[in-house]
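Reader: I am new to this structure and should be grateful for a close look at a single part of it. Please describe how two of its helices meet and what surrounds them.

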Amino acid sequence: MHALFMEGEAHDRVHRICGELGLSPPLLKAFVHLGTTADASVRMGDLAEHWGCDASYVTTLADGLEERGLVERRPHPTDRRVKTIVLTAEGRARRDHALELLSEPPSAFGSLSAAEQRQLRDLLAKLVAADPELALKAESA
């Protein structure tokens, strides 16, 4: 499983997508994590907590995305000491494109019949539902 998702075509594909979008892998991860609507802001501290990283790293990611015109920082509506990140209009369009590219199935899936692909989809959905953290994300989506 590790080789299928972390090496070979999958690895090369992520780097190809990063190159096409002009983003490093960490910037891509941050970028696709952000909300899609104009008012879907994310607290920078929440990102640091979610990823288990230092707040300064989130600041570095926000700087990189902001320099590319993909996000803007805004003060929190009720606490001006807190900064949030929100996608710009350009960021929303490019995020949609990034998700399209990331959603393309790897060519190895072509070795499965249509029935096997549906079975794999169903099995993966079952695994997602069994993972408490992923199940919460699926419910809120």
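Author: The account below begins with the helix pair and then turns to the core. The model is predicted, so local features need pLDDT of at least 70 and side-chain atom pairs count only at pLDDT 80 or more, while totals for chains, interfaces and linings use all residues. Residues are numbered from 1 along each chain as its sequence is written, and side-chain values use heavy atoms, with hydrogens and water left out.

Helix α3 spans residues 25–33 and helix α6 residues 89–103; helices (H or I, at least four residues) and strands (E, at least two) are DSSP runs numbered from the N terminus. The axes of α3 and α6 lie 10 Å apart, at an angle of about 110 degrees, on a scale from 0 to 180 degrees between N-to-C directions, with axes fitted to C-alpha atoms over the stretch in contact. The two helices are therefore roughly perpendicular, a term for angles of 65 to 115 degrees. On α3, the contact (heavy atoms within 4.5 Å) involves L28, F31 and V32; on α6, it involves G91, R94, R95, A98, L99 and L102. Six of these residues are nonpolar, one is polar and two are charged, with Gly counted as polar and Arg as charged.

Both helices also contribute two or more residues to the largest nonpolar core, as do α2, α4, α5 and β3. Such a core joins buried nonpolar residues (under 20% relative accessible area, 1.4 Å probe, protein chains only) through side-chain atoms within 4.5 Å. This core has 23 residues, and L28, F31 and L65 are among those with the most contacts inside it. L65 touches L23, L27, A30, F31, L34, L70 and V71, leaving aside residues up to four places away in sequence.

Notes:
Parallel < 35°, antiparallel > 145°, perpendicular 65-115°, else oblique. Buried < 20%, exposed > 50% of the residue type's maximum accessible area, 1.4 Å probe, protein only.
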